Amino acid sequence: MDTKPLRIISGLLLCFLVGPHVGQARNGPSRYGRFIGSFQQYAHGIKGKIYAADETTIFIEGFHYDGTGPDAYFWIGNSSRPSPEGYIVPYPENSTSRDPPTLKAHNNSNIVLRLPQGKRLRDIKWLSVWCRRFTVDFGDIFIPSDLDVPKPRVLPEFSRLAHSLRSGNITILDSKMIYIPNLHYDGAGPDAYFWVGNGSEPHSLGIKVPNEVGSLKPLRGYQGEDIEIVLPENLTVHDIDWLAVWCIQYKQNFGHVLIPKDLDVPPALGQTKITTSSTSPPATSKQGLSNCKEFLEGRVQVQWELMGEDVQIQVSGRIGEDQYVAFGLSGQPGKAEMLGGDVVVVAYNKRTGKFIADDYYMSDLSQCDGKKGVCPDERVGGRNDAILLHGERKNGITTVTYRRPLRTNEPVKDRMIPESEISVIAAIGPLNSRGEANAHQAFDKTTEDIRIDFTSQNVHECTNSLYNIPDMSDIEPWPQAMIKDENTFSARIGPAGGKRGYMSITGEAPWGIAWYINDLLIPEIMVERGRTYTFIVEGGNDPANPAKYHPFYITDSRQGGFGQKSEMQQREQKVFAGVAYDNDGYPYPTAAGRYCEWVHKTIDKSEESATFKSFFDTLRLECTEGEPAKLIWTVPEDAPDLLYYQCYSHNNLGWKIHVVDAVNGAASLASTLTMIIASILSVFTLLR
């Protein structure tokens, strides 16, 4: 039998079921807005198609004008036809309406016009290219009174599935920009991002969306902030079906909102941007320099600003005392090359108690011997052209500000900084006993070609992560909790406690939540063989909401997650309680009660809480309606010494159960021995 037709049909059926991939646009409004019409041409070659981008913005596609009119402007008014009773529309946009430049020649230009003086399209009747000196209309178009212009679209709020995610009504500002008001998220998800894709609900085949500062780092906590996010690259809202907060590592949806089809929203011309009320200041606001760029996965920030013939540079690094950050010009254009590089080494020298900003030249990739190697310029007969301005060390971050000239008199040791892009390098390493830069590790240097134009303005490519993440070397983990001599345990869900909690206890990266037993974060539990224990389980009983579905079970698997394992993987672990099998031999959990979770009152405070008790005081308990489940377990006599309480549907939520022999037998034996010894002593007493 020829199976080829069947394969073709099944392939077509699969495509139909799966639907379009992210980025495959649906039919929607014009990418420039609502089409009004084309210029009527009277003189000077006026041409162009006119669109209403929104209520205050006009887009002209393919604008032509020969530029020979002596006093020509874009001109609007509400008279019956173009006349001197009108208003200039300033172009370019940053020019003023009081003294705007006259129109230059244009050949197939795309023009964005912002209506002046608070005017809207409904307030005007025409747009003209008008010569004021000779009161001549070179070309015009009339605006229909019933024009339906694209407008921002208000959607529902995020669904509330996990990690205290909630928001106000989300607004699609334009085809690329989304406004999220009053955003709350506890920040405890280990790998969470804004996430978009196609289909009826979020799934793993989505695309990351940068956060409000353009970073693709995992999301921080938000506490009632108003933010804007912009869809990446060529993606628009017409290409997606939903926006979510999604944890990639654990494939979990913390909450989402659906994007309706055929949204008639403004095109992405930048005309709808509003000011956010985020409580987090821009990264550059701490230092006042106008440009900022990150290196080495955000561990180093470099800010700069041109000041005459000098450039002022500020380097901030999350480094230890007696470590340095080296930053400067690459040894070769177009690549990250340390050999031949011209860098400034900044550091806090703990031995001297001083900050340094020393000019280095790398003639060889070896320790400086006074002649060659990675050497301070002054040590090999040169001059330190870096002028130290300020140094500070706070919260594990060393910040040094210095100034260096664009051009120096040492062409061998110092490279000139051009007024164009140049390849730069950065590295982190230890200071040696001389207070000089020692060799760095391979992973502590830049390897990709990164370029900077030191004459540029307003380059904002930094996040606040350098300042928001505390110095983990200064953070003490919470002690491991232990429960013994208890017969009944409550099992609820709560936050994982960041690097002070689950991570430091288990050595594993958490999902962001973990089991709380008797209101303690993953305590070790001690049980006796042959004794019966009761677990009151409140981990959720709705499989349709996997973010809040955590049946409790006991296993010999350190990882857990029995329900997500293959049949072969399930056979590799032994279950001691919490799992049964139906008539067809399929496993199902037996301890799935209502959902109770200890949630953050605000955002995750684990990193600033020195004790678990102080952290626990920042939480509140939220429970759904329903009844808890009970897991009653009699510990087998042949149970191994170490077991684990875990989540049936997810990995790494629980921790250890220590199994010991019953103490009653040991106590009885000890009592018998005591009696025997006492009898012997009494006999000796009588004999004496």
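**Salt bridges, cores and sheets in a predicted model**

Asp641 has a relative accessibility of 52%, so this residue counts as exposed. The structure is a predicted model. Asp641 is a useful starting point, since the side chain takes part in a salt bridge with Arg529, and the closest N and O atoms of the two residues are 2.5 Å apart. The pair links distant parts of the chain, 112 residues apart: Arg529 sits in the loop between strand 34 (524-528) and strand 35, while Asp641 sits in the loop between strand 42 (629-634) and strand 43 (642-647). The two ends of this bridge stand in unlike surroundings. Arg529 counts as buried, because the relative accessibility is 10% and the cut-off for buried is under 20%. Asp641, at 52%, is exposed because the cut-off there is over 50%.

A search of the whole structure gives 25 salt bridges. Another of them joins the side chains of Arg594 and Glu538, at 2.9 Å from N to O. Arg594 belongs to the loop between strand 39 (587-589) and strand 40, and Glu538 belongs to strand 35, so this bridge ties together parts that lie 56 residues apart in sequence. Glu538 has a relative accessible area of 4% and is therefore buried. The bridge is also part of a network: Arg492, Asp519, Glu538 and Arg594 are joined by salt bridges that share partners. A further salt bridge is formed by the side chains of Glu225 and Arg220, with 2.7 Å between N and O. Glu225 is buried, with a relative accessibility of 3%.

Strand 35 (residues 532-538) also holds Thr534. Is Thr534 buried or exposed? The relative accessible area of Thr534 is 18%, so the residue is buried, given that the cut-off is under 20%. Beyond the neighbours within four places in sequence, Thr534 is in contact with Asn487, Thr488, Phe489, Leu631 and Ile632.

The next topic is the nonpolar interior. In soluble globular proteins, nonpolar side chains tend to be buried together. Here the largest nonpolar core has 77 residues, and the members that touch the most others are Ile180, Phe194, Trp515, Phe535, Phe552, Ile554 and Trp633. Strand 32 (residues 513-517) supplies the largest share of this core, with 5 residues. Another core, of 28 residues, lies apart from it and includes Val311, Ile450, Phe454 and Val459. Within the largest core, Trp633 can be followed in detail. With neighbours within four places in sequence left aside, the contacts of Trp633 are Val527, Arg531, Thr532, Tyr533, Phe535, Ile554, Phe576, Ala577, Leu643 and Ile657. Two of these contacts, Phe535 and Ile554, are also listed with Trp633 as members that touch the most others.

Turning to the cysteines, how many disulfides does the model contain? The count comes to 1 disulfide. A disulfide is a covalent bond between the sulfur atoms of two cysteines. The partners are Cys596 and Cys623, with sulfur atoms 2.0 Å apart. Cys596 is in strand 40 (residues 596-600) and Cys623 is in strand 41 (residues 619-623), and the pair links distant parts of the chain, 27 residues apart. The torsion about the S-S bond is about 120°, so the disulfide is right-handed. Cys596 is buried at a relative accessible area of 0%, whereas Cys623, at 36%, is partly exposed. Cys247 is buried with a relative accessible area of 0%, and Cys647 is likewise buried at 0%.

Finally, the sheets. Strands of a sheet pair through backbone hydrogen bonds, either parallel or antiparallel. One open sheet has 6 strands in the order 24-23-22-21-27-28, paired in the antiparallel sense. The edges are strand 24 (374-376) and strand 28 (450-453), each of which pairs on one side only. From one strand to the next, the twist averages 35°. Inside this sheet, strand 22 (residues 342-349) and strand 23 (residues 354-362) are antiparallel and pair over 8 bridges. One such position is Asn349, whose bridge partner in strand 23 is Lys354.

Another open sheet has 5 strands, in the order 2-9-8-5-6, and the pairing is antiparallel. Strand 2 (40-41) and strand 6 (87-88) each have a single partner strand, so one side of each is left without a neighbour in the sheet. Strand 8 (residues 126-131) and strand 9 (residues 136-142) run antiparallel and are joined by 6 bridges. Cys131 has Val136 as bridge partner in strand 9.

Note on methods: Residues numbered from 1 in each chain as written. Predicted model: local features only at pLDDT ≥ 70, side-chain atom pairs only at ≥ 80, totals over all residues. Heavy atoms only, no water. Pairing = 2+ DSSP bridges. Helix = DSSP H or I, 4+ residues; strand = E, 2+ residues; numbered from the N terminus. Axes fitted to C-alpha atoms, helices over the stretch in contact; angles between N-to-C directions. Core = buried A, V, L, I, M, F, W, Y, C linked by side-chain atoms within 4.5 Å. Buried < 20%, exposed > 50% of the residue type's maximum accessible area, 1.4 Å probe, protein only. Contact = heavy atoms within 4.5 Å. Disulfide = S-S within 2.5 Å. Salt bridge = Lys/Arg side-chain N within 4 Å of Asp/Glu carboxyl O.
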